[in-house]
Each structure stands twice: as C-alpha cells, then as structure tokens.
Amino acid sequence: MKLFRLRTLIFLALCCDLGLFSKRLIGPAANLITDLLHIPGGIATSLSLMFLVVAAVLVERPGCAAVMGAVQGGLALAFGMVGSMGALAPVGYLVPGLAIDLALAATRRTALSRRDRAVLANAIASPCAALTANALVFRLWGLPLLLYVCVSAASGAVFGLAGGELARRLAPVLGAELQDKGEAKP
Amino acid sequence: MKRTKLVPILIAALIALTAATAALYLSTRPAAEEGSLRVEYGGQAVHLPLDRLEFGPVHGVLVNGKGEERAVDAQGVPLSDVLRAAGATDYAEVTVTADDAYHAVVTAEEIAQPDRVFLIREEKGPRLVVFGDVDSRRSVSGVVSLTVT
C-alpha cells in the first residue's frame, strides 16, 4: 500500500522548502518589529510553520508535520542554515512539527473547521518553537521570555489564519487524495 | 459561542496579551543611555560612556556553531578594562546583555586571561567576543548592559 501519492509527496516537499526559505525572506521585516520590542525573534518562525500547518491540515496523516520538521532540520544542516542553534537546529524544527501534529490530532474529531484548526495548530506550535529556541540558545527569563512567547503565539495565530485560507484554496489541488480518504473537511 | 467567532476572539486575545506584556516590559526594562553601557555592580547602576574606553586593535578567530572559523580584525577593548573603568574590581562573573535581552555569562577567570574576552566596536553597538570558545554562542551583538556579580 502506498503511504503517500507522488503528488502529495511533492506538495509536502514544496511546503518544507517554502517553510525553510520564507523564514529568511521575512526575517529582515520581522526584525523591525522584534528590534522595536527588544526581543530576539518569534515572528519569522510563525510564518515558516504556517507551511507545515497547511500541509498537515490538508494531508491529515499522523506525524506528517513532525516528519516535515525533521526534513527541514536535515535541510537546514545540509544548507548550513542552522543559525545560532548550531548542530541542535534539527531539534528546533522537530519540536514545533510534533506540536502541530498533536494540536491537529487533538482537534481532529471536534467540530472545528480546517481554518480554526490551522489557527490553533500554528498558535500552539509557534510558542513551542520559541520555547525550544529559548532553551537551546537564548536563555531568556521573566518578562522578555513572556513577551517572546506572546509575540510567537499572536503571530502564530495570525499566520495560522492565513494558512487556513491558503489550505482552503489549495484543497482542490489535493482534492482527489482527500476524497479518497474521506477526510475532506470544509 | 459560535464556531466562526473562535478565531477572531483568540487572535484578539493574543494580540491584547502581547500588547499588555510589551507595554509592561518596555516600561520596566533597564535601558542604557545612547552611546553608553549600563553597568550594574554592588547594587548600583552606572552608565559608562563608550567614548571613555580606549579601543585598540583586536585580532583573533571565532568558531561558529557549524565549526566554521571567522577571523576577527576589529577595534575593541578588553572586558577587564571596561569593568575597571566602571569601578568593578571584585567579581565572580559578568552577565553581558544585548538590546534584545540575549545574554551570555563570562567568568572572572576568563576575563582575567589576556586576549580572551573583548568588547569590539560595531555599527549596532559593542559586541562581546570570547576567543577560544568552541562555538560563538557567547558572541553577543548590540551589548547594552553588564551585570557584575
């Protein structure tokens, strides 16, 4: 039995790449806000995670986001895009992937729409990524840490909303796959 | 509550919480004056103007998290000289904090070693460099304060 169709795999790979490189693209703009708030980041990662959320809500396979996070971690190591995390960068990619999977699994049998689940997943995964980066690199505490997590969660929710909308528009592209599994949701 | 209202309420609540936290943080964070370092020592804080420090040539090699080496050739001042200028003489360690709250700790033994711990001049403000580290995690850019303990 095939776990994934080729089209789905290509879509997942594309989302991995988009997530990885969008972080670099939005970085300078995001830094304008985080510099103003005197915190080390939190916004660019939320956009990066949006692509994992989009893929995970559309494909709906357990562990999908975690696998994508692991692939991103491998790619980051291969491309030398490890930032200040160094060799521990894959952990920083894997943890939010796991958080997305857990959030989507927890809301799977609820009445929440795909958009709402995307918002929740991104709003949960972004602070998880922030806390991981904090544990590995920044070691903030007190108010700076609280603000860092709040900014991550808020930007995660906003980008989750965008991700939910993106997923709605992309659903027809993966429609056949979703219908085969009877998992199409509004 | 209608399903459709969950997301706007969640986003509004998170933005409000973020704004409140930002207001609290920005109004209470100890800030350094422009062109100076804030040095906390013995329960007191002094602002040390950077132009009072004697910057000289600093050469060395930093190793980043990927194991890549980067040569440093800049104008800098030993951290020991900075602490002396601020009147800090007896200490065990110094926490060096950047404008974005990132911080690193250097010990008195490291500071005492010649050609090891420096503040080098950069456009965005001084940068802490610790030569001899296996990664550049203690390379702190935009240094604004030193907490001496």
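Which residue takes a positive phi in the hairpin of E1(B) and E2(B)? In this predicted model, the residue is Gly42(B), with a phi near 60°. The hairpin leaves two residues between its strands. Its strands, E1 (residues 36–41) and E2 (residues 44–49) of chain B, run antiparallel and are joined by six bridges. Tyr41(B) in this hairpin faces Gln44(B) of E2(B).

Chain B as a whole is split into domain 1, covering 1–30, and domain 2, covering 36–148. Between the C-alpha centres of these two domains of chain B the distance is 36 Å.

Chain A is built from seven helices and has zero strands, giving the order α-α-α-α-α-α-α from the N terminus. With a radius of gyration of 16 Å, close to the 16 Å expected from the globule rule for 186 residues, chain A is therefore as compact as a globular protein of that length. Its C-alpha trace extends over about 50 × 35 × 25 Å along the principal axes. Buried residues make up 52% of the 186 in chain A. Of the contacts in chain A with a separation of 6 or more, 76% are between residues 24 or more positions apart.

Within chain A, helix H3 (residues 64–79) can be checked against its expected length. Its 16 residues should span 22 Å at 1.5 Å a residue, and the end C-alpha atoms are 22 Å apart, so the two values agree. Several residues of H3(A) are buried, among them Cys64(A), Met68(A), Val71(A) and Gln72(A). Two glycines, Gly69(A) and Gly73(A), are also buried in H3(A). The buried residues of this helix pack against H1, H2 (43–59) and H4 (89–106) of chain A. Just after H3(A) comes Gly80(A), with a positive phi of about 70°.

The two chains meet through 32 residues of chain A and 23 residues of chain B. On the chain A side, helices H1 (6–37), H5 (114–138) and H6 (143–170) each supply at least two residues. H6(A) gives the most, with 11 residues. The table divides the residues of chain A that touch chain B by class.

| Class, side of chain A touching chain B | Number |
|---|---|
| Nonpolar | 24 residues |
| Polar | six residues |
| Charged | two residues |

H1(A) thus appears in two settings: H1(A) supplies residues to the side touching chain B, and the buried residues of H3(A) pack against H1(A).

Key:
Residues numbered from 1 in each chain as written. Chains lettered and ligands numbered in written order. Predicted model: local features only at pLDDT ≥ 70, side-chain atom pairs only at ≥ 80, totals over all residues. Domains from an automatic or database assignment. Helix = DSSP H or I, 4+ residues; strand = E, 2+ residues; numbered from the N terminus. Rg over C-alpha atoms; globule rule 2.2 N^0.38 Å. Buried ≥ 20, exposed ≤ 12 C-beta atoms within 10 Å, placed from the backbone. Contact = placed C-beta atoms within 7 Å. Pairing = 2+ DSSP bridges. Nonpolar A, V, L, I, M, F, W, Y, C, P; charged D, E, K, R; others polar. Expected span 1.5 Å × (residues − 1).
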